[in-house]
Amino acid sequence: MSERDDGVRVGFRTNTLSDERLQYISQLGVTDVFINPTEPGGGTGGDIFVDESDRTETDRRLPLGPEEVPSVAYLEELVDACAAYDVDLAGIHTLGYNCYGDIKFDREGRDDQIAAITQLLRNMGEAGLPILGYQWNPRGVVPMRTGTVPIRGDAEATSFDIDDVENAGDPALDREYTEDELWENYERFLEEILPVAEEAGVTLALHPIDPPSIETIGGIPRLFRNVESFRRAMETVPSDNHGLKLCLGCFSEMGADVVDVVREFGEAGDITFVHFRDVEGLAESFNETFVDCGNYDELAVMQSLVDSGFAGIVIPDHVPTVRDDTDWGHRGRGFTAGYLRGLARVADD
């Protein structure tokens with residue numbers, strides 16, 4: 001049996017819950033997983049991080065969209081598959097843009113997407129999945145990364161440079177939208193969805209837009225780009241079932257003091273789970289890097305999580321590509337998981 005405690009523990013995000021993937025996760029001492037949904041028919045919802053490894057006879061994925069909401073029985077099947085390897089299915093990592101794009105822009109189809117998310121929350125509650133991550137970002141429409149760069153040992157990391165952004169925009173938009181309009185649409189979403197989440201016992205976790213700081217790309221206002229926007233998100237419709245998917249890499253890209261960010265939201269009890277990664281550079285020009293490199297002091301940040309009272313899951317999110325690795329990054333994630341487990345143990349002493 002794996003060791004559970006009331007402190008920081010390490011998890012992964014994964015597209016598959018195959019036996020092979022779960023066995024590997026268990027071997028590393030990783031105790032929790034979030035499943036990434038795919039679009040019905042197999043699309044990735046704009047996620048640039050490919051995960052086609054472990055497509056075996058036991059491959060278990062999660063198609064999700066307004067017309068395909070996973071049943072309670074299927075979610076319970078995923079929970080049981082994880083439990084067989086002493087791994088907890090912590091929740092669904094994120095909603096794809098196909099699940100909220102019409103809500104974000106108040107387009108035709110909005111009501112269908114609200115109904116699907118409502119049903120998803122209820123099904124998750126019945127199946128015992130406690131967390132639903134989401135982000136208010138038109139992934140696949142506005143670029144998240146624009147290239148790759150070599151880093152330590154000639155590993156490869158994704159990068160972004162605002163000067164390389166071309167042809168960004170949503171072809172489905174028939175007019176320009178103001179930031180105020182998008183805030184109104186978002187707040188209406190919270191008013192409708194959070195009571196359902198509370199009833200179901202599921203916590204929603206909001207992720208920053210990536211890259212942050214930049215006010216617009218492709219004519220689309222970017223709401224969750226700074227610390228102030230997250231204060232507003234948490235205060236607009238206060239709920240114990242709403243928190244942050246605190247992506248440390250995004251706050252690092254903002255140039256924020258990451259220790260102060262962790263302390264503020266941690267002490268307020270607003271951190272649901274954490275993306276523990278870092279970058280070199282700032283929002284308009286940066287690259288991802290190994291967890292032991294980057295802009296911030298990773299031990300100081302882990303210590304601030306512990307000191308703020310956070311007792312939950314930290315995940316690597318994405319990792320650099322090392323030689324002979326898989327598309328999911330078994331080697332890169334293995335290194336990162338071990339490093340994070342060590343940080344957590346030192347910080348908790």
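This is a short talk on the charges, cysteines and salt bridges of one structure, which is a predicted model.

I'll start with the cysteines. How many disulfides does a search of the whole structure find? The search finds zero. As a reminder, a disulfide is a covalent bond between the sulfur atoms of two cysteines. The cut-off used here puts the two sulfur atoms within 2.5 Å. Take Cys250 to begin with. The closest cysteine sulfur to Cys250 belongs to Cys247, and because the two sulfurs are 3.5 Å apart, they are too far from each other for a bond. Cys250 is also buried, at a relative accessible area of 0%. Now Cys293. Cys247 again holds the closest cysteine sulfur, but here the separation is 17 Å, so this pair is too far apart for a bond as well. Unlike a buried residue, Cys293 is partly exposed, with 22% relative accessible area.

While we are at Cys293, one distance from it. Thr326 follows 33 residues apart along the chain from Cys293, and their C-alpha atoms are separated by 22 Å. Thr326 sits in the loop between strand 14, residues 313-315, and helix 10. Thr326 is partly exposed, with a relative accessible area of 32%.

Helix 10 itself covers residues 330-348, and Arg345 is found there. Is Arg345 buried or exposed? Arg345 counts as exposed, at 57% relative accessibility. Arg345 and Arg9 are 336 residues apart along the chain, yet the separation of their C-alpha atoms is 9.4 Å.

Next, the salt bridges. The search of the whole structure finds 28 of them. One pairs Asp19 with Arg60, with 3.1 Å between the closest N and O atoms. Asp19 belongs to helix 1, residues 19-27, and Arg60 to the loop between strand 2 (32-35) and helix 2, so this pair ties together parts that are 41 residues apart in sequence. Asp19 is partly exposed, at 23% relative accessible area, whereas Arg60 counts as buried, at 16% relative accessibility.

Another salt bridge joins Asp59 and Arg55, whose closest N and O atoms are 2.9 Å apart. Asp59 is partly exposed, with a relative accessible area of 22%. Arg55 is partly exposed too, at 48%.

A third example is Arg152 with Asp292, where the side chains meet at 3.0 Å, N to O. Arg152 lies in the loop between strand 5 (147-150) and strand 6 (156-161), and Asp292 in the loop between strand 13 (285-288) and helix 9 (298-307), so the pair ties together parts that are 140 residues apart in sequence. Arg152 counts as partly exposed, at 42% relative accessibility, and Asp292 is partly exposed at 26%. There is also a network: salt bridges that share partners join Arg13, Arg145, Asp210, Glu253, Arg277, Glu288 and Asp317.

Last, the surface charge. Which residues form the negative surface patch? They are Glu76, Glu77, Asp80 and Glu126. Helix 2, residues 72-83, supplies the largest share of the patch, three residues. Asp80 is placed in helix 2. Why can Asp80 be called exposed? Its relative accessible area is 53%, and exposed means over 50%.

Terms used. Residues numbered from 1 in each chain as written. Predicted model: local features only at pLDDT ≥ 70, side-chain atom pairs only at ≥ 80, totals over all residues. Heavy atoms only, no water. Patch = residues over 30% accessible without salt bridge, like charges linked within 9 Å, V, L, I, M, F, W, Y side chains within 5 Å. Areas by Shrake-Rupley, 256 points an atom, 1.4 Å probe, with all protein chains shown as cover. Salt bridge = Lys/Arg side-chain N within 4 Å of Asp/Glu carboxyl O. Lys, Arg positive; Asp, Glu negative; His and termini not counted. Charge placed at Lys NZ, Arg CZ, Asp CG, Glu CD. Helix = DSSP H or I, 4+ residues; strand = E, 2+ residues; numbered from the N terminus. Buried < 20%, exposed > 50% of the residue type's maximum accessible area, 1.4 Å probe, protein only.
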